Amino acid sequence: MKGDRATLVRFSDRVKERVPIVTAGLVVLHILLCAALFEPKIHTGGDSVTYVLLAESLLTPGDGYSLSIDPGPPQAHTKYPPGYPAALAPLVAAFGRNFVVLKLLSLVFTAGAVLVFCRYALRGRDPLLWFFLALAFAVSPGVIDYSRWMLSEAPFLFFTLLALWQLDEDRSGEGMGRAFWLGLAAAVIGFYVRSIGALLLAAASLSYLVRREWRKFFVHGAVGAGLTIPWLVRNRMVSESATPYLEEFLLGNVYEPEAGYLDLGGMVERFFENALLYGTRELPRALAGSDSSWAATPPVVLVAVVVCALVLCGLVLALRRRPAAPEFYFLLTCLAIMLFQTSVNDVRYLVPLIPLILVYLSRGAAMLAGVSRGFLPARLPVVVTAALAALAAGSQAARIPANLDMIARYQAGDRYTGYHPAWGTFFDAVRWLDSNTPADATVTVRKPRLFHALADRRALIYPFSTEADSVLRVVRETDYVVIDALFPTTRRYLMPALRSRPDDFDLVHQTREPVTWVLRVKDAAHPPNP
């Protein structure tokens, strides 16, 4: 035991002496893992291509910040702030819709987040604990998985971490110095990357209020509001609301809008349902990988439950002392995602919280070791974070061979490798429409944003309504209809409506199994030019 303790002390001393070198090594390790787990394929969610389309709008004179997916003139966009599209715009200008190149921006942001976390986690921590915290973050599947998609999680993670680091630096400073202004700037940029970044601005203001730093409180609140309200005012001027997220919070299910809105009891029920799902389904995916077979295994789910318990202990401990911006931010963000749509909850919403999950985990382990009266080792935080890093590294190692094989097959020309077969036939139908329809043709399809990015045709989504007339009213505004083999909503809403008027459509294309059909709409309201 004494020998082991001496070895740990020597290792801790070496880490302390070589912090810059260790940090650089962790960043390099992160980049290598990102490269081994890179996804050259396009993300099948609509958000990914929407950011590219919005970046194109920023490069198109006269369009403003808009989308041109629906038939008709460009429509001002209000849902996603322009921060991430603005970051993509130079790459889009240089490389167009080269999705592989565009994804590299996310890798740059996650590598930057590793660098920032190493600095953020260093203050006041034992070098050994710092090393395993930083290692767990550098190899985190939740972080690495979002280094390979064109999504806003990576830049949002970077800017929120940068803001938290500077806010921590500001606590030890006098007056409104460099750290105060950098933290405020990073938080504002975070807001313009993701709207939920407003919670970090609120959390920082609350921390100044609790500490009775009145000048910082008023300046931070005034400047933060002054820099973010213009986006909300602009949205209100071009649409019916400042943000479309409010309705999504209140709807019972975005995929079943006819079910109506939730009352207070429904929101409480949703909170606890989401808490269970995030603790036992999404957090395991963050710990072991969103597509890892390990994530659904009982041992990993048990680890996630233990992590939740220790994080809660660490958070309570921080709140009992003098709560700061991280505590308020963590609480507000957890509340927001627990009250958001159960039907769309996902590991992606946990990604910005991973740094704080690790920090509170170590604090919770330290508290548990302290109250155990010697039953648990004082080094429990090191043991716990090292175990979490080992779990992450093991799950990554298990995924790498299959991913490298997928990359090789993709480079050999198999563009559908790794997709579900139904996605392959959907893409076949998209390619057929791109090659066999006029440029001004319009299409009803379940994924209009993805379809438009791939086929460059205007598209509409069918209404999620069981009233056939409501669905057909939209369908008749387009020239073609895609019946996919992917989505329950297609079977629930689109197909019954089409079956009610079968003579109004002609089958013009049918793929291999699983079949995707393309129908031509007879007597379309606005037929394309031949």
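## A buried serine in H10

Buried means under 20% relative accessible area. Ser207 is at 2% relative accessibility, so Ser207 counts as buried. The model behind this value is predicted.

Ser207 sits in helix H10, which covers residues 198–210. The side chain of Ser207 has a polar atom 2.6 Å from the backbone oxygen of Ala204.

## Helix H8 and its link to Arg123

Helix H8 runs over residues 153–171 and has 19 residues. From first C-alpha to last, H8 reaches 27 Å. That is close to the 27 Å expected at 1.5 Å a residue. H8 is mostly covered, with 16 of its 19 residues buried.

Asp168 of H8 takes part in a salt bridge with Arg123. The N to O distance between these side chains is 3.1 Å. The pair links distant parts of the chain, 45 residues apart. Arg123 lies in the loop between helix H5 (99–120) and helix H6 (127–138). The two ends differ in cover: Arg123 is partly exposed, with a relative accessible area of 37%, whereas Asp168 counts as buried at 19% relative accessibility. The cut-off for buried is under 20%, so the value for Asp168 falls on the buried side.

## Other salt bridges

Side chains of opposite charge can pair when their charged atoms come close. A search of the whole structure finds 29 salt bridges.

Arg492 and Glu256 form one of them, at 3.8 Å from N to O. This pair also links distant parts of the chain, with the two positions 236 residues apart in numbering. Arg492 belongs to helix H21 (residues 488–500). Glu256 is in the loop between helix H12 (245–250) and helix H13 (264–288). Arg492 counts as partly exposed at 37% relative accessibility. Glu256 counts as partly exposed too, at 34%.

Glu282 and Arg285 make a local pair within helix H13. Their closest N and O atoms are 2.7 Å apart. The two residues are three apart in the helix, so about one helical turn separates them. Both Glu282 and Arg285 are buried.

Salt bridges also join into a network. Its members are Glu39, Lys41, Asp145, Arg148, Asp291 and Arg399.

## Strands S3, S5, S6 and S7

Strand S5 covers residues 480–483. Its side chains split two ways: Tyr480 and Val482 point one way, Val481 and Ile483 the other. All four are buried.

S5 pairs with two strands described here. Strand S3 (residues 442–444) and S5 pair in the parallel sense, over two bridges. Thr444 has Val481 of S5 as its bridge partner. Strand S7 (residues 517–521) runs antiparallel to S5, and four bridges join them. Ile483 stands opposite Trp517 in S7. Tyr480 has Arg520 of S7 as its bridge partner.

S7 also pairs with strand S6 (residues 505–510). These two run antiparallel, joined by five bridges. Leu507 stands opposite Leu519 in S7. A hairpin of six residues joins S6 to S7.

## Surface patch at the end of H11

Which residues make the nonpolar surface patch of about 450 Å²? They are Ile229, Leu232, Val233, Met237 and Val238.

Val238 is found in helix H11, which spans residues 214–238. Val238 is partly exposed, with a relative accessible area of 44%. A patch residue needs over 30% relative accessible area, so Val238 at 44% meets that cut-off.

## A long-range contact at Tyr410

How far apart in sequence and in space are Tyr410 and Pro40? They are 370 residues apart in sequence, and 7.6 Å apart in space from C-alpha to C-alpha.

Tyr410 is found in helix H17 (residues 380–411). At 15% relative accessibility, Tyr410 counts as buried.

Technical notes
Residues are numbered from 1 along each chain as its sequence is written. This is a predicted model: local features need pLDDT of at least 70, side-chain atom pairs count only at pLDDT 80 or more; totals for chains, interfaces and linings use all residues. Side-chain values use heavy atoms; hydrogens and water are left out. Patches are made of residues with over 30% relative accessible area and no salt bridge: like charges are joined within 9 Å, nonpolar side chains (Val, Leu, Ile, Met, Phe, Trp, Tyr) within 5 Å. Accessible areas come from the Shrake-Rupley method with a 1.4 Å probe; for residues, only the protein chains shown count as cover. A salt bridge is a side-chain nitrogen of Lys or Arg within 4 Å of a carboxyl oxygen of Asp or Glu. Buried means under 20% relative accessible area, exposed over 50%, partly exposed in between (1.4 Å probe, protein chains only). The expected span of a helix is 1.5 Å times one less than its number of residues. Two strands pair if DSSP finds at least two bridges between them. A polar contact is a pair of N or O atoms within 3.5 Å; within protein, one must be able to donate a hydrogen and the other to accept it, and residues adjacent in sequence count only if both atoms are side-chain atoms.
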